Amino acid sequence: MSIESLLDEDQGAAPSRIDWRLWSTIARVALRRRVAAIGIVAGGVSIAIIEGIRPLLNGALIDEAAANGISARFMWMAWVWIALCVAFGIGVWCFIAFAGRLATGLAFDLREQAFAKLQELPFSWFDRRPTGWLLARLTSDCSKVSGIAPWVLLDLFWANALMLASAGAMLWMRWSLALWVLSVVPLMIVTSIVFTRIMVGSSRRARRANSTITAYYGEAIAGIRTTRSLVREAGAEREFTGLAAELERWSLRNAMQGALYLPVVTTLAAMGAALLLWKAPIVEGLSPGELVAFCQYALLFIYPVQDLAQRFADLLSAQGAAERVQSLVDTVPDIRDSPATASAIATVRAAGGPSAGRAIDGGPDRITHVRFEDVHFAYLPGQPVVQGLDLDIRHGQTIALVGSTGGGKTTIANLMCRFYDVTGGRVLLDGIDIRERSLEWLHSRLGVVQQVPWLFADSVAANIRFGRLDATDDEVRDAAIRTGAWRFIESLPEGLGFQVGEGGERLSHGQRQLVSLARAVLANPDILVMDEATSSVDSETERTIQSAIDTVLKDRIGLVIAHRLSTVRRADRILVIDQGRIVESGPHVELLHRPGGRYRALYLEQFVHEREDACVGAGTGDRDGPGNGVGDGVAAPVPQG
């Protein structure tokens with residue numbers, strides 16, 4: 001499994017320093033939790049004020065005791081000292097409680113933003129990224145950012161306030177001594193800049209390695225049956241070990257850099273305190289209480305420096321995760337509403353919603369005519385998949401697309417649904433360019449039944465209702481009856497309440513297909529796309545599905561993609577697609593009797609394969625083929641000559 005090539009973008013060309021613009025964006029998200037943020041700031045500043053007062057009070061207590069013993073003034077100051085300790089404890093409780101609220105709230109907001117963005121992105125974006133790669137952003141990356149943000153916010157106010165208070169108090173008491181203590185600050189700044197460049201790079205590599213592992217997890221779990229059937233367990237383990245070693249190497253390097261950065265900064269800060277002790281004895285008139293207070297202020301200046309250094313290291317370590325989360329949130333979908341469409345939607349909403357028969361973008365609310373005009377499309381430049389396609393489909397018509405694998409059949413359906421945008425030509429809906437219609441409205445008018453249906457780990461009813469959440473139980477049951485799914489649903493232990501398992505694993509493939517068809521029918525779409533809906537089912541299920549298809553395709557635009565040609569015989573028009581072009585077009589009987597035709601050749605080839613299977617007892621339905629005229633109970637006609 002080669003995942004590295006899919007993750008190169010994680011390297012990026014970002015500068016090796018703290019990206020304050022990035023963190024300001026994260027901060028704006030965090031400030032949605034204003035109460036928690038204000039609580040953290042208030043708690044931090046309160047603690048800084050208390051800590052800034054206590055050294056002066058300690059010095060005054062020492063000098064008062066030395067001069068007058070345990071006097072009334074001494075007792076009064078002692079009670080003030082006790083009150084400050086109680087207030088300090090309350091402040092600590094406040095910022096810890098609010099930090100927890102902010103961390104969980106920020107994680108929720110980041111994940112909500114990221115997941116909402118995933119709902120907007122086109123299929124082409126997911127084509128290039130493995131599932132595990134995305135999961136890393138929604139889980140570990142969001143946790144990394146949300147876990148550090150509250151403490152950075154706290155230290156931003158607490159540490160800076162305490163350093164300012166300590167520096168101001170020292171300058172006020174003895175400015176000459178204060179300058180010795182503060183002389184190490186420039187060295188600390190230079191050290192921080194150097195370590196910043198080193199640690200951001202290793203952090204980004206560690207987060208990239210973590211994403212690679214998560215992506216590998218996803219592939220390995222999804223392909224576990226393939227791995228075991230090919231006896232590839234040892235090889236898979238070796239590949240994973242290599243990826244884990246990469247993560248270990250960069251994580252360890254980042255941790256060692258952080259472990260070195262903190263003591264270096266702390267040592268520099270301690271040098272300032274050492275200079276104080278060196279110079280203090282030669283200062284005239286310095287009382288014992290003042291000396292104690294000055295030493296405490298020097299230490300108070302060191303503590304927040306140490307804490308800021310640690311937070312600085314944490315911030316650098318988390319920047320890789322923040323970049324990855326924000327890059328996802330900032331992704332601009334390639335397929336989205338045009339500015340004119342977005343403006344029309346805003347106008348309609350401002351007017352209270354669309355009028356009868358109109359959609360949210362002001363256009364017609366129904367789709368009755370689809371037209372392809374000289375459509376071209378390529379997934380990759382220079383590799384065309386659809387070339388100069390012209391196609392006209394009207395309400396009540398069913399068009400079937402057949403042809404060899406890779407010919408462009410599914411791509412044509414995707415272009416009609418605007419899952420991808422054409423690279424040339426136009427797709428028109430009732431005379432309007434599909435790119436000028438609301439994307440959300442368009443998709444609400446579609447029903448798609450895929451070759452491999454996906455069901456969610458929920459009940460049968462919930463899966464049928466997925467496309468129309470306001471549907472009643474009777475409507476869900478009616479959709480199941482119309483599609484033939486009710487025959488097996490009523491035999492399940494809990495009927496519509498039966499839990500289908502992840503991906504519908506507790507149902508057979510044919511049963512999943514019937515549930516998927518019922519789901520599409522319940523949404524009452526204008527366009528129904530059937531993409532190889534019967535290619536992997538047995539003959540009996542195929543008959544059920546085909547009968548349901550014949551029913552539900554009435555009075556709507558139908559697009560059927562099939563290799564099994566028995567499923568397209570009733571289509572109004574059959575298009576043979578080859579290399580993105582229509583090479584034959586017409587109804588089943590006409591194409592079948594066209595000498596030298598592509599459709600005739602495909603049909604006869606499938607017929608021969610099925611007859612061969614029948615001769616050896618394979619039975620109908622085990623291979624794709626024209627079958628027995630599924631849905632009408634009569635043998636398929638085979639042209640002579």
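Contact here means heavy atoms within 4.5 Å. Keep that cut-off in mind for the helices that lie across sheets below. The model is predicted.

**Stop 1: the six-stranded sheet**

Select the strands in the order 6-7-8-3-9-10. They form an open sheet with mixed pairing. Colour the edges next: strand 6 (446-449) and strand 10 (581-586) each pair on one side only. Look along the sheet for its twist, which averages 20° from one strand to the next.

**Stop 2: helices on this sheet**

Add helix 12. Helix 12 lies across strand 3 (398-402), strand 7 (527-531), strand 8 (557-561) and strand 9. Against strand 8, helix 12 runs at about 155°. Now show helix 17, residues 509-522. Helix 17 lies across strand 6 and strand 7, at about 175° to strand 6.

**Stop 3: strands 9 and 10**

Zoom in on strand 9, residues 573-578, and its partner strand 10. The two run antiparallel and are joined by 5 bridges. To pick out one bridge, select Leu575 and its partner in strand 10, Ser585.

**Stop 4: Glu584**

Stay in strand 10 and select Glu584. Is Glu584 buried or exposed? Glu584 is buried, yet has no salt bridge. Which side chain of opposite charge is nearest to Glu584? That is Arg594, 4.7 Å away. A salt bridge needs a side-chain nitrogen of Lys or Arg within 4 Å of a carboxyl oxygen of Asp or Glu.

Turn to Tyr599. Its backbone nitrogen lies 3.1 Å from a polar atom of the Glu584 side chain. Then show the surroundings. Leaving aside neighbours within four places in sequence, Glu584 is in contact with Ile574, Leu575 and Val576, and also with Leu591, Arg594, Gly597, Arg598 and Tyr599. Leu575 is thus worth keeping on screen from the previous stop: it appears among these contacts.

**Stop 5: the four-stranded sheet**

Hide the first sheet and select strands 2-1-4-5, in that order. This open sheet has 4 strands and antiparallel pairing. Its edges are strand 2 (383-394) and strand 5 (432-433), each pairing on one side only.

Focus on strand 1, residues 369-380, beside strand 2. How many bridges pair these strands? There are 8, in the antiparallel sense. Select Arg371 to see one of the bridge pairs: its partner in strand 2 is Asp392.

**Stop 6: back to helix 12**

Bring back helix 12, residues 409-416. On this sheet, helix 12 lies across strand 1, strand 2 and strand 4 (424-429). Its direction is about 120° to strand 1. Show both sheets again to end the tour: helix 12 lies across strands of the four-stranded sheet and across strands of the six-stranded one.

Note on methods. Residues are numbered from 1 along each chain as its sequence is written. This is a predicted model: local features need pLDDT of at least 70, side-chain atom pairs count only at pLDDT 80 or more; totals for chains, interfaces and linings use all residues. Side-chain values use heavy atoms; hydrogens and water are left out. Two strands pair if DSSP finds at least two bridges between them. Axes are lines fitted to C-alpha atoms, for helices over the stretch in contact, and angles run from 0 to 180 degrees between N-to-C directions. Buried means under 20% relative accessible area, exposed over 50%, partly exposed in between (1.4 Å probe, protein chains only). Lys and Arg count as positive and Asp and Glu as negative; His and the chain ends are not counted. A polar contact is a pair of N or O atoms within 3.5 Å; within protein, one must be able to donate a hydrogen and the other to accept it, and residues adjacent in sequence count only if both atoms are side-chain atoms.
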